[in-house]
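Take a look at the structure below. The paragraphs after it walk through the fold, the core, a pocket and some backbone details.

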Amino acid sequence: MKKILLILLFCGSLLSVNHSALAQETRIGVGAILNDPTGLSAKAWINEDLAIDGALSFSLGENISQVYLHTDVLEHRAMTIDNFHLYYGLGLRLLWTDVSDDFITGLRVPAGTVYSIEDSDLEAFFELAPIIDFSPYFRFHFAGALGMRLYLN
């Protein structure tokens, strides 16, 4: 029952945040993220400095299957170097694996840099994120990833 409530709470918060973000004129980017996780990435801008991003990854194997999802609220700061921005934020992550039938929930604190490619709708990013898993057990670790997104509007 606890797992179901956590899932509903997480999904409800995603829907409410996405609804408020999409109610304004936003730029939405989609692309790929590599390393931890490796999968699909999306980002929606709320205003000039604030964005919501997320990643979805899944793997289906003979011995293990898992689904990974994270979402973050990110604050961006311009750097003195053109087209580069630093960002930091706070988010949630969910990981389900069938090996132990665990549903792992945790907090992410991502920080990274974004490079907007001139005269295009592409951006490349690199981030590091300390993660604190708090259910079903407590664990602290780091994740890092790089990726690219294409803005649709």
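Two residues are in contact when heavy atoms of theirs lie within 4.5 Å. Keep that cut-off in mind for F125. Leaving out residues up to four places away in sequence, F125 touches A32, I33, S41, Y87, T113, V114, A145, L146, G147, M148 and R149. This is a predicted model.

Now step back to the whole chain. The protein chain has one helix and nine strands. The helix comes at the start: from the N terminus, the order is α-β-β-β-β-β-β-β-β-β. There are 153 residues in the protein chain, and 37% of them count as buried. The chain exposes about 9,000 Å². Carbon and sulfur atoms supply 67% of that area. Contacts also reach along the sequence. Among those between residues at least 6 apart, 46% join residues at least 24 apart.

Next, go inside. In soluble globular proteins, nonpolar side chains tend to be buried together. Here the largest nonpolar core has seven residues: I33, A55, L74, Y87, V114, F125 and A145. F125, met above, is one of these seven. Its contacts include I33, Y87, V114 and A145.

One strand deserves a separate visit. Strand β4 covers residues 65-78, and V73 lies in it. Is V73 buried, exposed or partly exposed? V73 counts as partly exposed, because its relative accessibility is 38%, and the partly exposed class runs between 20% and 50%. Which residues does V73 touch, not counting those up to four places away in sequence? They are L50, A51, I52, Y88, G89 and L90. Take L90 from that list. V73 and L90 are 17 residues apart in sequence, yet their C-alpha atoms are 5.7 Å apart in space.

Now turn to empty space. Rolling a probe the size of a water molecule over the atoms shows where empty space is left. The second largest pocket holds about 210 Å³ of space. Its lining is made up of 13 residues. R27, W45, E48, H85 and S116 lie nearest the centre of this pocket. What kinds of residues form the lining of the second largest pocket? Six are polar, four are charged and three are nonpolar.

Last, follow the backbone. Most residues other than glycine have a negative phi, and most peptide bonds are trans. A few places in this model depart from that pattern. Start with the peptide bonds. D36 and P37 are joined by a cis peptide bond, with omega about 10 degrees. P37 sits in the loop between β1 (28-35) and β2 (39-45). Another cis bond runs from S135 to P136, where omega is near 5 degrees. P136 is in the loop between β8 (122-135) and β9 (139-151).

Then come the phi angles. N35 is not a glycine, but its phi is positive, about 105 degrees. N35 is found in strand β1. N35 counts as exposed because its relative accessible area is 58%, and exposed means over 50%. D119 is not a glycine either, and its phi is positive at about 55 degrees. Where is D119 found? D119 is in the loop between β7 (111-116) and β8. With a relative accessible area of 82%, D119 is exposed too.

Definitions and conventions: Residues are numbered from 1 along each chain as its sequence is written. This is a predicted model: local features need pLDDT of at least 70, side-chain atom pairs count only at pLDDT 80 or more; totals for chains, interfaces and linings use all residues. Side-chain values use heavy atoms; hydrogens and water are left out. Helices (H or I, at least four residues) and strands (E, at least two) are DSSP runs, numbered from the N terminus. Buried means under 20% relative accessible area, exposed over 50%, partly exposed in between (1.4 Å probe, protein chains only). Accessible areas come from the Shrake-Rupley method with a 1.4 Å probe; for residues, only the protein chains shown count as cover. On a 1 Å grid over the protein atoms alone, a cavity is a set of points where a 1.4 Å probe fits but cannot get out, and a pocket is an open set with protein on both sides within 12 Å along at least five of seven lines; lining residues have an atom within 4 Å of a point. Grid points are joined across faces, edges and corners, and a volume is the space filled by probe spheres set on the points. Ala, Val, Leu, Ile, Met, Phe, Trp, Tyr, Cys and Pro count as nonpolar, Asp, Glu, Lys and Arg as charged, and the others, Gly among them, as polar. A nonpolar core is a set of buried Ala, Val, Leu, Ile, Met, Phe, Trp, Tyr and Cys residues joined through side-chain atoms within 4.5 Å.
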